[in-house]
Amino acid sequence: MSPEPILRLEGVSKHFGEFTALDNINLEIDEGEFLTIVGPSGSGKTTLIRILVGIEELSEGKIWLRNNRIEEMPANQRPTCMVFQSLALFPHKSVGENIEFPLKLRKQKPDQRKSRALELLDLLHLPQSFYDKRINECSGGERQRVALARALAFDPEILFFDEPLSALDFRLRKNLEKELKDLHQRTGKTFVYITHSLEEAMVMSDRIAIMRSGRFEQIAIADEIYARPVSRFVAEFMGEVNLFSVSGDAGGNPVGTEIEIQVRNTSLGSSMKLSKGASATLMVRPETVHFLTGDETADFVVGGVLKAEYALGSRTQYKVEADNGDELAVEKLREDRFLGQVGDRVRLGWNAEHAHMISGG
Ligand code: ATP
């Protein structure tokens with residue numbers, strides 16, 4: 001049985017004067033889910049979260065928390081909590097006082113508050129000795145953990161995160177991404193997270209929602225979005241990709257309208273068929289494109305010249321210029337790297353199972 005949605009949005013819009021920041025959003029978030037909203041700057045992510053926690057009013061639409069409408073409920077009565085990049089901790093107070101702040105508001109007794117704060121320090125992998133440390137004596141990563149502990153002290157049903165890791169350095173961010181995912185599993189709470197970083201979204205989330213100009217372009221699990229994006233926009237947003245404009249030939253196979261793509265297999269399967277003259281975009285990710293050697297072949301083949309090679313640590317990335325001048329990307333694990341040289345004429349190939357057809361040109 002699939003879990004019940006904890007939060008349901010129906011037709012949510014937000015206008016700032018003439019400008020529409022959110023355009024008729026529908027969304028269901030499941031109980032206990034980790035949903036990440038990604039999208040370019042200005043696509044409406046923060047506006048949506050602000051509406052969900054109640055610090056911004058919507059212009060139209062309905063929001064249900066389980067069976068109750070909450071769009072008019074004041075922020076302090078909603079069982080939600082927001083964790084910001086700026087954290088909003090009290091810098092001169094101790095870690096303990098910061099974590100206990102929500103419990104104090106609820107008039108809990110000091111000994112109960114302290115024991116909960118110590119529990120939360122453990123949960124966030126902070127030493128109990130931090131209880132008396134002042135916030136302005138903590139590092140960026142430690143502060144982030146304190147902010148999380150304080151958010152959990154509110155005991156909200158849903159935690160909203162607005163780019164909480166974006167100010168941290170790379171290594172710390174990577175560690176905290178994994179810790180957040182782990183924290184999500186251990187607490188069983190519903191997490192809604194916004195970020196610019198696709199990698200962050202892929203590491204942590206159950207589902208990813210891709211936002212564009214105030215609407216969701218696609219909502220699905222990470223693998224689905226990566227392998228079967230619904231649009232060029234999503235495909236490009238989800239990392240390096242090769243996209244080819246194609247149209248259907250007399251046999252229903254896709255042929256390139258810009259780059260010459262040879263179809264070597266005339267029975268590609270229904271997902272690759274296009275009616276005659278119909279246009280579409282053929283997508284293939286760089287890691288599934290191969291350098292063909294000798295008389296080796298594949299379902300799709302493109303010729304070109306190797307233009308550049310970039311070592312990326314465990315992987316190597318190649319740029320190949322097709323005969324029409326467009327560039328293709330290929331990526332190989334270091335141990336499978338291409339043994340030719342820049343300037344070599346190459347043949348690239350990939351099979352239908354790794355290709356994806358996006359309808360429309
Ligand atoms: P970023 O990733 O840069 O934080 P975002 O996706 O979170 O972007 P929002 O902050 O939600 O985007 O903004 C969406 C759009 O709404 C932007 O074009 C922004 O300029 C506009 N907007 C947001 N708040 C207001 C406001 N109070 N008045 C007018 N326009 C606003």
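Helices here are DSSP runs of H or I at least four residues long, numbered from the N terminus. With that in hand, start at the end of helix H2: just after H2, Lys-107 takes a positive phi of about 60°. Keep in mind as you look around that this is a predicted model.

Now step back into the helix itself. H2 covers residues 95–105, and its buried residues are Val-95, Gly-96, Asn-98, Ile-99, Glu-100, Pro-102 and Leu-103. So what covers the buried residues of H2? Among the elements doing that job are helix H3 (110–123) and helix H4 (140–153).

Zooming out, the chain has 8 helices and 20 strands. Its C-alpha trace spans about 80 × 45 × 40 Å along the principal axes. Of the 361 residues in the chain, 48% are buried. Take the contacts between residues at least 6 apart in sequence: 67% of these join residues at least 24 apart.

Next, the outside. About 17600 Å² of the chain is exposed, and carbon and sulfur atoms supply 47% of that area. As for charge, you'll find 45 positive and 54 negative side chains, with the centres of the two sets 5 Å apart.

One spot on the surface is worth picking out. Glu-258, Glu-321, Asp-326 and Glu-327 gather there in a patch of negative charge. Glu-327 sits in strand S18, which runs over residues 327–333. Why can Glu-327 count towards a patch? Patches take residues with over 30% relative accessible area and no salt bridge, and Glu-327 is exposed, at a relative accessible area of 51%.

Key
Residues are numbered from 1 along each chain as its sequence is written. This is a predicted model: local features need pLDDT of at least 70, side-chain atom pairs count only at pLDDT 80 or more; totals for chains, interfaces and linings use all residues. Side-chain values use heavy atoms; hydrogens and water are left out. Patches are made of residues with over 30% relative accessible area and no salt bridge: like charges are joined within 9 Å, nonpolar side chains (Val, Leu, Ile, Met, Phe, Trp, Tyr) within 5 Å. Accessible areas come from the Shrake-Rupley method with a 1.4 Å probe; for residues, only the protein chains shown count as cover. A salt bridge is a side-chain nitrogen of Lys or Arg within 4 Å of a carboxyl oxygen of Asp or Glu. Lys and Arg count as positive and Asp and Glu as negative; His and the chain ends are not counted. The place of a charge is taken as NZ of Lys, CZ of Arg, CG of Asp or CD of Glu. Helices (H or I, at least four residues) and strands (E, at least two) are DSSP runs, numbered from the N terminus. Buried means under 20% relative accessible area, exposed over 50%, partly exposed in between (1.4 Å probe, protein chains only). Contact means heavy atoms within 4.5 Å.
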